[in-house]
Amino acid sequence: MIFVQLFTTFFLIGLFSFGGGYAAMPWILSLVVEQRHWLTMAEYADLTAIAEMTPGPIGVNAATFVGTRMAGLPGAVICTLGCIMPSLIIVLFLAYLYGKYRDLSIMKNVLHRLRPVVVALVASAGLTIFRLALFGENGGLADIRYVELGLFALALLVLRKTKISSILVLLGSAALGTVIYLLVL
Amino acid sequence: MDEKTRSAFFDQPHPYASLFIKMLTISAFTFGGGFVIISMMRRTFAQKLKWLDDQEVLDMTAIAQSAPGALGVNSAIIFGYRIAGIPGVVVSLTATVIPPLVILSVLAFFYKQFIDNPVAQTVMQVLRAGVAAVIVDVVIDLASNVIKSKDMLNLILMIAAFFALTVFKVSSLAIILIALVIGFLPLGGKKE
């Protein structure tokens with residue numbers, strides 16, 4: 001029964017992908033491509049590219065892509081459900097513990113020490129995207145893209161100084177950058 | 001759930017519809033991974049709407065990062081839960097998976113044209129500059145909170161964790177575990 005196979009495969013992918021969306025990719029390779037043969041290697045490479053080019057978590061993108069190709073929209077829904085089910089169970093359990101114990105003094109201390117580390121996690125993700133945006137993949141300092149530098153500075157200024165929503169800032173800077181690249185340069 | 005969060009959320013005319021639409025927009029326009037989603041959620045739900053505070057956002061990010069699965073999905077679950085309990089989880093998770101579900105089920109058949117389209121490629125390339133700005137904006141606020149708290153150990157932890165992640169490529173899960181252990185040590189942390 002294809003639906004059961006799709007669900008269990010993506011349940012395992014969701015369960016094993018510790019550390020964010022990219023952690024799902026090796027599991028998709030071994031379970032979906034090598035074990036089940038639901039995708040070819042070329043399709044897997046395409047999937048990686050599309051998952052990066054479209055919004056949304058890579059795991060959900062991959063689940064929808066494989067599910068749709070195997071069994072249409074119902075397949076996409078089943079794969080997505082399978083992929084998010086482990087998260088749902090584990091995160092809800094942790095959220096429950098957090099709500100119950102966060103006022104204990106030992107927990108307060110732990111959370112107090114955890115917060116600056118989380119700031120560092122966000123900062124490190126920011127640095128990665130900053131580098132990718134301004135210097136490209138594997139680019140050195142000499143490869144700086146001035147259009148992206150200008151867009152970054154402008155977007156940051158708007159975010160710091162106004163209350164305009166981050167989504168409007170994202171869309172506005174993308175539109176401006178696209179116009180500059182396609183019409184001016 | 002906190003009383004003040006409860007009232008800030010339930011005092012509006014259509015709380016669940018508002019949560020749904022905000023999560024849907026964030027998911028639909030967020031390129032570049034889970035931390036971008038968290039940055040957007042922090043700006044929307046903590047800074048603007050005050051449904052949560054910054055400390056809770058950081059705690060929930062740590063929890064989302066410690067569980068398996070996509071960071072975006074995990075944070076939608078825990079943010080939904082903290083804002084409005086189980087109904088909040090259902091609303092925010094549904095809103096989060098709908099955009100990728102719709103986009104990818106269409107693209108599953110037309111993706112070749114999409115990948116090779118020069119306009120699509122340019123949009124995706126320039127979009128990263130805005131994404132970087134969104135994250136840097138949030139980092140400025142969060143890091144200055146740590147600096148202002150004048151807690152030396154926390155400041156050292158933040159800087160050390162940043163170098164461990166960026167220079168030494170230590171995994172984020174390992175860093176969280178180390179911080180957990182340090183938190184259990186009796187180092188006289190500030191009681192909030």
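**Figure 1. Environment of L81(A) in the predicted model.** L81(A) is partly exposed, because 18 other C-beta atoms lie within 10 Å, a count that falls between the 12 or fewer of an exposed residue and the 20 or more of a buried one. The residue belongs to helix α4 of chain A, which comprises residues 58–101. G67(A) precedes L81(A) by 14 residues along the chain, and the C-alpha atoms of the two residues are separated by 11 Å.

**Figure 2. Domain division of chain A.** Two domains are assigned in this chain: domain 1 covers 2–101, and domain 2 covers 105–184. Between the centres of domain 1 and domain 2 of chain A, taken over C-alpha atoms, the separation is 27 Å.

**Figure 3. Crossing of helices α4(B) and α8(B).** In chain B, the axes of helix α4 (residues 54–66) and helix α8 (residues 172–184) come within 10 Å of each other and cross at roughly 125 degrees. The two helices are therefore oblique to one another. The crossing in which α4(B) passes α8(B) is left-handed.

**Figure 4. Residues at the contact of α4(B) with α8(B).** Helix α4(B) contributes A62(B), Q65(B) and S66(B), which meet S172(B), L173(B) and I176(B) of helix α8(B). By residue class, the contact of α4(B) with α8(B) consists of three nonpolar and three polar residues, with no charged residue present.

Definitions and conventions:
Residues are numbered from 1 along each chain as its sequence is written. Chains are lettered from A and ligands numbered from 1 in the order in which they are written. This is a predicted model: local features need pLDDT of at least 70, side-chain atom pairs count only at pLDDT 80 or more; totals for chains, interfaces and linings use all residues. Axes are lines fitted to C-alpha atoms, for helices over the stretch in contact, and angles run from 0 to 180 degrees between N-to-C directions. Helices (H or I, at least four residues) and strands (E, at least two) are DSSP runs, numbered from the N terminus. Angles under 35 degrees count as roughly parallel, over 145 as roughly antiparallel, 65 to 115 as roughly perpendicular and the rest as oblique. A crossing is left-handed if the near helix is turned anticlockwise from the far one by less than a right angle, and right-handed if clockwise. Two residues are in contact if their C-beta atoms, placed from the backbone, lie within 7 Å. Ala, Val, Leu, Ile, Met, Phe, Trp, Tyr, Cys and Pro count as nonpolar, Asp, Glu, Lys and Arg as charged, and the others, Gly among them, as polar. Domain bounds come from an automatic or database domain assignment.
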